[in-house]
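This report walks through one protein model step by step, beginning with the way its parts lie against one another. Please keep the sequence and the picture side by side while reading.

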Amino acid sequence: MGWLQRLFGMEKPQNAEVNPTPQAIAQDPSTSVASTDSQSIPSERLGLSGEYDQSGLAKRVALAFDEDPDLDDVDTLWVAQTGSTVVLKGEVPSQEILDKMTSVASSVSGATDVNTDQATIG
């Protein structure tokens, strides 16, 4: 089972990308001067296909883990996000694997920090 499947209960969408191009979000016409105005999605809320997703950064990190041939799904570790900080929590088999995961997570667009305070080696 992969990271996306285990953590979010979803298969990789066909057009999923770790660093997709953001889609514009149309504003509510009742609150804007012109209904064609749009705003961009904050990078930490960018979903797998460029759409708005509250957990977008965590999902894109999970996808990056799935796409890295050196990282198997570690079923004792979870990926979350607090704003633009990726949070890795749980247990990993070695410091080398945690370092690799931290590096991969840091490379995802929108990640400003990776917190491993809740991750243990075991």
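In this predicted model, helix α3 lies across strands β3, β4 and β5, and the direction in which α3 runs makes an angle of about 160° with β5. The three strands that α3 lies across belong to the sheet described next.

**The sheet**

The sheet is an open one of 3 strands, arranged in the order β3-β4-β5, and its pairing is mixed. Strands β3 (77–82) and β5 (113–121) stand at the edges with a single partner strand each, so one side of each of them is left without a neighbour in the sheet. On average, and with direction ignored, neighbouring strands here are turned by 15° against each other.

In general, the strands of a sheet pair through backbone hydrogen bonds, and they may do so either parallel or antiparallel. In this sheet, β3 and β4 (residues 85–92) run antiparallel and are joined by 6 bridges, whereas β4 and β5 run parallel and are joined by 7 bridges. The table gives some residues that stand opposite each other in these pairs.

| Residue | Opposite residue |
|---|---|
| V79 | L88 in β4 |
| Q81 | V86 in β4 |
| E91 | T120 in β5 |

How many residues lie between β3 and β4 in the hairpin that they form? There are 2 residues between these strands, and G83, which is in the turn, has a positive phi of about 60°.

**The two helices beside the sheet**

Like α3, helix α2 also has a place against the strands: α2 packs on the sheet, where it touches β3 and β4, and its direction makes about 145° with that of β3.

Two packed helices are described by the angle between their axes and the distance between the axes. For α2 (residues 56–67) and α3 (residues 95–106), the axes come within 9 Å and cross at roughly 125°, and the two helices are therefore oblique to each other. The crossing in which α2 passes α3 is right-handed.

Which residues bring these helices together? From α2 come V61, A64 and F65, and they meet M101, V104 and A105 of α3. Sorted by class, this contact has 6 nonpolar residues, with no polar and no charged ones.

**A residue in the helix α1**

Finally, R6 has its place in helix α1 (residues 3–8). A polar atom of the R6 side chain lies 2.9 Å from the backbone oxygen of V74. When neighbours within four places in sequence are left aside, the residues in contact with R6 are M1, D73, V74, D75, L77 and W78. One of these contacts, L77, falls within the residue range of β3 (77–82).

Terms used:
Residues are numbered from 1 along each chain as its sequence is written. This is a predicted model: local features need pLDDT of at least 70, side-chain atom pairs count only at pLDDT 80 or more; totals for chains, interfaces and linings use all residues. Side-chain values use heavy atoms; hydrogens and water are left out. Helices (H or I, at least four residues) and strands (E, at least two) are DSSP runs, numbered from the N terminus. A polar contact is a pair of N or O atoms within 3.5 Å; within protein, one must be able to donate a hydrogen and the other to accept it, and residues adjacent in sequence count only if both atoms are side-chain atoms. Contact means heavy atoms within 4.5 Å. Axes are lines fitted to C-alpha atoms, for helices over the stretch in contact, and angles run from 0 to 180 degrees between N-to-C directions. Angles under 35 degrees count as roughly parallel, over 145 as roughly antiparallel, 65 to 115 as roughly perpendicular and the rest as oblique. A crossing is left-handed if the near helix is turned anticlockwise from the far one by less than a right angle, and right-handed if clockwise. Ala, Val, Leu, Ile, Met, Phe, Trp, Tyr, Cys and Pro count as nonpolar, Asp, Glu, Lys and Arg as charged, and the others, Gly among them, as polar. Two strands pair if DSSP finds at least two bridges between them.
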